[in-house]
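Me: I should like to learn how salt bridges, strands and surface patches are read from a model. Please give the general idea each time, and then the case at hand.

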Amino acid sequence: VRQVCAVVQDAVACHLTSDVPVGVLLSGGVDSTVLAAAARAAERAREVRLLTIGFRERDFSEEDTARATARTLGLRHDVLVLEPAEVLAALDDALAAMDQPTVDGLNSFIITRLARQHGITVLLSGLGGDEVFGGSVSTDGTLTVRVTREANDTTLARILHLIEQAEESRAPTARFIDRFSRVYTPGVVLVSALVAFGPPLL
């Protein structure tokens, strides 16, 4: 956990290095909350602004959770409460701006346009973080993680270990040929170059 915290904080701090205002897209989820907290811990925390989209339908809105997060972190927080008419008005422009169909396209378009209106041109997003932090898996409960293997107990680590074992068990003659060829091949190239270019230079 400490390693993950350190990596996230370092990554967020690097992304906060900017000569323009920086914003964090804040929902009520785990991923964006982690980003906002990491931004708060950075040196330039006072320059960070949090942006959230809310809805009149309270059952679908994460506005209250986002406001509570912003209050806890003590960061400036802007909330755009969307009306159905606003969504319909933005739909054509949002679809035209998409490179490909995407579930997050419409809300990303609307929130980034809000950021632009507030003079924020650099944004940090937790998109993809749910897969790491379980934000979509557990929304009302506590996510418990149980470590079952060490970090080096992975398929890749095993493959590398097998390669090392194979290298060590190779016949002594094969290892000698390898070592000899590392010296012999460059030597042959050098002698060939001297034979080819040496006489004309003499």
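Me: How many salt bridges are there by this rule?

Reply: Side chains of opposite charge can pair when their charged atoms come close. With a salt bridge taken as a side-chain nitrogen of Lys or Arg within 4 Å of a carboxyl oxygen of Asp or Glu, the count is 3. This is a predicted model, in which local features need pLDDT of at least 70 and side-chain atom pairs count only at pLDDT 80 or more, while totals for chains, interfaces and linings use all residues. Residues are numbered from 1 along each chain as its sequence is written, and side-chain values use heavy atoms, with hydrogens and water left out.

Me: Which residue meets Asp78 in a salt bridge?

Reply: Arg49 does, at 2.8 Å from N to O. Asp78 belongs to strand S3 (residues 76–82) and Arg49 to strand S2, so the pair ties together parts that are 29 residues apart in sequence. Helices (H or I, at least four residues) and strands (E, at least two) are DSSP runs, numbered from the N terminus.

Me: Is Asp78 buried or exposed?

Reply: Buried means under 20% relative accessible area, exposed over 50%, and partly exposed in between (1.4 Å probe, protein chains only). Asp78 is buried at 14% relative accessibility, and Arg49 is buried at 11%.

Me: Where does the salt bridge between Arg67 and Glu63 lie?

Reply: Both residues are in helix H3, 4 residues apart, about one turn of the helix. Their side chains meet at 2.8 Å, N to O. Arg67 is partly exposed at 34%, whereas Glu63 is buried at 7%. Beyond its neighbours within four places in sequence, Glu63 is in contact (heavy atoms within 4.5 Å) with Thr52, Gly54, Arg58, Val79 and Val81.

Me: Which residues of strand S1 point one way, and which the other?

Reply: In a regular strand the side chains alternate between the two faces of the sheet. In S1 (residues 22–25), Val22 and Val24 point one way and Gly23 and Leu25 the other, all of them buried. Two strands pair if DSSP finds at least two bridges between them. S1 runs parallel to S2 (residues 48–55), with 4 bridges, and parallel to S4 (residues 122–124), with 3. Val24 has Leu50 as its bridge partner in S2 and Leu124 in S4.
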